[in-house]
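Colleague: Please take a close look at a single part of this model for me, and set it in the context of the whole chain. I would like the cut-offs behind each term as you go.

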Amino acid sequence: MPDKKKELLVAALETGTAIDHIPPEQLFKVASLLELDKLDNPITIGNNLISKKMCSKGVIKVADKFFAEDEINRIALVAPNVILNIICDYEVVEKKPISLPDKIVSIVKCNNPKCISNNEPMLSRFNVIDRENVTLQCHYCERKISKENILIN
């Protein structure tokens, strides 16, 4: 029986960012949050790929793009354990585990219709009270919001 050839299922990236270990059910949500459909950069998306760490995973590779902190914070809201790989000249020069910051500003909308942040021209502000399960608390009205109920601005 011939040896099985090992090959990359997702193309190598010369320069840019690879977002790895995305839970498969969150892959397209991450793509949407990053507004990848508005980019002109070459983008490779792989889903349900074999992973030693998590059985299956999603991967997004974006050529010539390095994400800003607010973009990374958006990812952390729906996929808090992904790894951001910064790639230069086909080499991973930095691996950044993504985690939620202590405070989320202007990304999430409070789901309390009476909250001042929904009725006055101001930035929303949330404190992260549970990183593991992704639970936020509104700075203004103190309403707690679980991961399933988070509304992204």
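Modeller: The account below begins with the chain as a whole and then turns to one sheet and two residues.

The model is a predicted one, in which local features need pLDDT of at least 70 and side-chain atom pairs count only at pLDDT 80 or more, while totals for chains, interfaces and linings use all residues. Residues are numbered from 1 along each chain as its sequence is written, and side-chain values use heavy atoms, with hydrogens and water left out.

The protein chain holds 3 helices and 11 strands, where helices (H or I, at least four residues) and strands (E, at least two) are DSSP runs numbered from the N terminus. Their order along the sequence is β-α-β-β-α-β-β-β-β-α-β-β-β-β, and the C-alpha trace spans about 65 × 30 × 25 Å along its principal axes. Of its 153 residues, 42% count as buried, a term that stands for under 20% relative accessible area, with exposed meaning over 50% and partly exposed the range in between (1.4 Å probe, protein chains only). Among contacts (heavy atoms within 4.5 Å) with a separation of 6 or more, residues 24 or more positions apart account for 56%.

The part to examine closely is an open sheet of 4 strands, which follow one another in the order 6-8-9-10 with antiparallel pairing. Strand 6 (103-105) and strand 10 (144-146) stand at its edges, and because each has a single partner strand, one side of each is left without a neighbour in the sheet. Neighbouring strands here are turned by 30° against each other on average, direction ignored; such angles are taken between axes, which are lines fitted to C-alpha atoms (for helices over the stretch in contact), and run from 0 to 180 degrees between N-to-C directions. Within the sheet, strand 8 (residues 125-130) and strand 9 (residues 135-138) are joined in the antiparallel sense by 4 bridges, pairing being counted if DSSP finds at least two bridges between two strands. Val128 stands opposite Leu136 of strand 9.

The loop between strand 9 and strand 10 carries Tyr140, which is partly exposed because its relative accessible area is 29%. Leaving out residues up to four places away in sequence, Tyr140 touches Cys115, Ile116, Ser117, Met122, Leu123, Ser124 and Arg125. One of these, Ser117, belongs to helix 3 (residues 116-119), and with a relative accessible area of 12% Ser117 is therefore buried. Beyond its neighbours within four places in sequence, Ser117 is in contact with Cys110, Met122, Ser124 and Tyr140. Tyr140 thus links the loop after strand 9 to helix 3 through its contact with Ser117.

Elsewhere in the chain lies Gly58, whose C-alpha is 36 Å from that of Tyr140, at 82 residues apart in sequence. Strand 3 (residues 55-63) is mostly covered, since 7 of its 9 residues are buried. Strand 3 pairs with strand 1 (residues 16-22) in the antiparallel sense over 5 bridges, with Thr17 opposite Val62. Strand 2 (residues 43-51) also runs antiparallel to strand 3, joined to it by 7 bridges, with Gly46 standing opposite Val59, and a hairpin of 3 residues connects strand 2 to strand 3.
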